[in-house]
Amino acid sequence: LRTLEILADQLAIAVVNSELFSETQEHLSQRRLLHHITTTAASGTTLEEALTSAVNGLQVTMSGDRVSILLLDRDRRELHIQAWVGYSEDAASVLVPMGSGITGWVAAHRKLLRVDDVTRDPRYITVSENTRSELAIPLLYRNELLGVLNVESEQVAAYSENDEEMLGTLAGSLAAIIANARLLDQIRRQSERERLL
């Protein structure tokens, strides 16, 4: 009996170690994908190209969920979808006023929001009938709101704190990429204007 107890303890330790190793490998894999998404987006020659490569990479990372990046139009105080994957073509025409819907709430409050069941949240604006859970993160650069990173799943409670952390890191990188792309575009336009003059 004592021998079997010792053996059972050793097997339990082996199982826990195996689970920890598997978890660590999964985190490492996610971090590598995150790095790949960021570097691919940063190497885009235009803002559209950068954001499109980011949503495509993120869809692979999040196992087929719908992903969108909405940018803020400060003058109109509304969000428009700049890059998306997993939605119908109609998604391009969606405009979300600040404070409206889940992404609008995130933009207005500048806070991450995870909704485990969108059918129970009155803020949800139906873009896809099959959506059950949503995670939206503000894109902030030097305390300026640039937009919202949004992921949706057909599963209830699909996202975890780990997903929040991973997407929060990506959102920071994307915000910097957006800000730099806008600055580069502004410099190009100014240079073109000066050349014409």
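This short talk covers the largest cavity in the structure and one strand that helps to line it, β1. Keep in mind that this is a predicted model.

Cavity first. Searching the whole structure at a threshold of 30 Å³ or more gives 1 cavity. Its space comes to about 150 Å³. The lining is made up of 15 residues. Closest to the centre are Val 96, Thr 103, Val 127, Glu 134 and Glu 152.

What classes of residue make up the lining? There are 9 nonpolar, 4 polar and 2 charged residues.

Now the elements. Three of them supply at least two lining residues each: β1, residues 66-73, α3, residues 101-109, and β6, residues 144-153. Which gives the most? That is α3, with 3 residues.

On to β1. Of its 8 residues, 7 are buried, so β1 is largely enclosed by the rest of the structure.

Which strands does β1 pair with? One is β6, another contributor to the cavity lining. The two run antiparallel, over 6 bridges. Val 67 of β1 sits opposite Val 151 in β6.

The other partner is β2, residues 78-85. This pairing is antiparallel too, over 7 bridges. Here Leu 72 stands opposite Leu 79 in β2.

Last, the turn. β1 and β2 form a hairpin, with 4 residues between the strands. Look at Arg 77 in that turn. Its phi is positive, at about 55 degrees.

To sum up: β1 pairs with β6 and with β2, and β1 also supplies at least two residues of the cavity lining.

Methods:
Residues are numbered from 1 along each chain as its sequence is written. This is a predicted model: local features need pLDDT of at least 70, side-chain atom pairs count only at pLDDT 80 or more; totals for chains, interfaces and linings use all residues. Side-chain values use heavy atoms; hydrogens and water are left out. On a 1 Å grid over the protein atoms alone, a cavity is a set of points where a 1.4 Å probe fits but cannot get out, and a pocket is an open set with protein on both sides within 12 Å along at least five of seven lines; lining residues have an atom within 4 Å of a point. Grid points are joined across faces, edges and corners, and a volume is the space filled by probe spheres set on the points. Ala, Val, Leu, Ile, Met, Phe, Trp, Tyr, Cys and Pro count as nonpolar, Asp, Glu, Lys and Arg as charged, and the others, Gly among them, as polar. Buried means under 20% relative accessible area, exposed over 50%, partly exposed in between (1.4 Å probe, protein chains only). Two strands pair if DSSP finds at least two bridges between them.
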